[in-house]
Amino acid sequence: MSNVKLNAAKSVIPLIPKSGAIGLGSGSTVAIFAKELSRQIAEGEVDVSVVPSSYQAYQLAVDYKIPLTNLDLNPSLLMTVDGADEVDKELNLTKGGGGALFQEKIVASASEKLIIIVDESKLVNHLATRFEIPVEILPFSLGVVRQKITSMGITPTVREAQRKMGPVVTDNGNFILDLKFPEPIRNPAKVAVDLKMLPGVVETGLFIGMTDEVHIGMGDGTRIMKKG
Ligand code: 5RP
């Protein structure tokens, strides 16, 4: 198990509310957090239920015996703990490396606080430096969305599945386009709106102004970046 990811996961344990509903993000760092959370629940330290942000998060909750809830029963969540693929200095994020960006953003939007757990390699000056920006699109719209994005000077690639022929099909039955920008993004809020305005784009992996805290796992502990 990665020590830096474990340090990031453990760092947010004191922030978990004593009771109530929280969001459970997706990814390998969140998987480590889920195990820590299940221990807290089993030891009676906290009494929380989670809204999962993906099938992976749902499976984690089932495997670790974490009580499940949903956004119909709990449309307001006390917090969400999630990972990220890139974090800039304003705590804007690129997410969607695991293809779960759509539900992740909905769960984050329902949360009073969005707490991100990452390792140091995820920190960048500007988004799209190391990671392509994923967008989830309706399969019916692929041709037209791809053409429009290309005409914006951005190179889209349909994300291909591993160990299955053809495109990745998301938890929502959609495709993912990974967008290669000619250079890192200087105005991610505008890019997020421009992309979201394209009919067929159901969500982008740009999480702008949503993050409250980033817990960065290091070899010898954790560094915390806070909003504002
Ligand atoms: C999934 C995500 C993940 O949170 C992101 O890819 C980070 O994952 P990891 O902790 O495995 O690096 O956005 O869609």
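Two strands count as paired here if DSSP finds at least two bridges between them. Keep that in mind as you click through this predicted model.

**Stop 1: β8 and β9**

Select residues 155-158, which make up strand β8, and then add residues 175-180, strand β9. The two run antiparallel and share 4 bridges. For one position along the pair, pick Thr155: across from it in β9 you'll find Lys180.

Now turn on the side chains of β8. Which residues sit on its covered face, and which on the uncovered one? Pro156 and Val158 are on the covered face, while Thr155 and Thr157 are on the uncovered one.

Next, go to the loop that links β8 to β9 and select Arg163. Its phi is near 60 degrees, which is a positive value in a residue that isn't glycine. Is Arg163 buried or exposed? With a relative accessible area of 88%, Arg163 is exposed.

**Stop 2: a three-stranded sheet**

Move on to the open sheet of 3 strands, ordered β4-β5-β11 and paired antiparallel. At the edges are β4 (86-87) and β11 (206-207), each of which pairs on one side only. Strand β5, residues 93-94, is joined to β11 by 2 bridges. Pick Thr94 and look across to β11, where Leu206 is its bridge partner.

While you're in this area, select Leu91 in the loop between β4 and β5. Here is another positive phi in a residue other than glycine, this time near 70 degrees. Leu91 has a relative accessibility of 4%, so it counts as buried. Arg163, by contrast, is exposed at 88%.

**Stop 3: the ligand**

Centre the view on the ligand and show what's around it. How many residues surround the ligand? There are 16, and the closest are Ser26, Ser28, Thr29, Asp85 and Lys122.

Three polar atoms are worth a distance label each:

- Ser26: a polar backbone atom lies 2.8 Å from an oxygen atom of the ligand.
- Lys95: an N or O atom of the side chain is 2.8 Å from a ligand oxygen.
- Ala100: a backbone N or O atom sits 3.1 Å from an oxygen atom of the ligand.

Switch to a surface view after that. On its own the ligand has 380 Å² of accessible area, and the protein covers 90% of that.

**Stop 4: the loop between α3 and β3**

Last, select the loop that runs from α3 (55-63) to β3 (80-82). Two neighbours in the sequence are good picks here: Leu68 and Thr69.

Start with Leu68. Together with Tyr58 and Val62, Leu68 makes a nonpolar surface patch of about 240 Å². Why can Leu68 belong to a patch? Patch residues need over 30% relative accessible area, and Leu68, at 36%, is partly exposed. Colour Tyr58, Val62 and Leu68 alike on the surface to bring the patch out.

Then step along to Thr69. Is Thr69 buried or exposed? The cut-off for buried is under 20% relative accessible area, and Thr69 has 13%, so it counts as buried. Show its side chain along with that of Asn74: a polar contact of 2.6 Å joins the two.

How values were computed. Residues numbered from 1 in each chain as written. Predicted model: local features only at pLDDT ≥ 70, side-chain atom pairs only at ≥ 80, totals over all residues. Heavy atoms only, no water. Patch = residues over 30% accessible without salt bridge, like charges linked within 9 Å, V, L, I, M, F, W, Y side chains within 5 Å. Areas by Shrake-Rupley, 256 points an atom, 1.4 Å probe, with all protein chains shown as cover. Salt bridge = Lys/Arg side-chain N within 4 Å of Asp/Glu carboxyl O. Buried < 20%, exposed > 50% of the residue type's maximum accessible area, 1.4 Å probe, protein only. Near = heavy atom within 4 Å. Polar contact = N/O pair within 3.5 Å; in protein donor to acceptor, adjacent residues only side chain to side chain.
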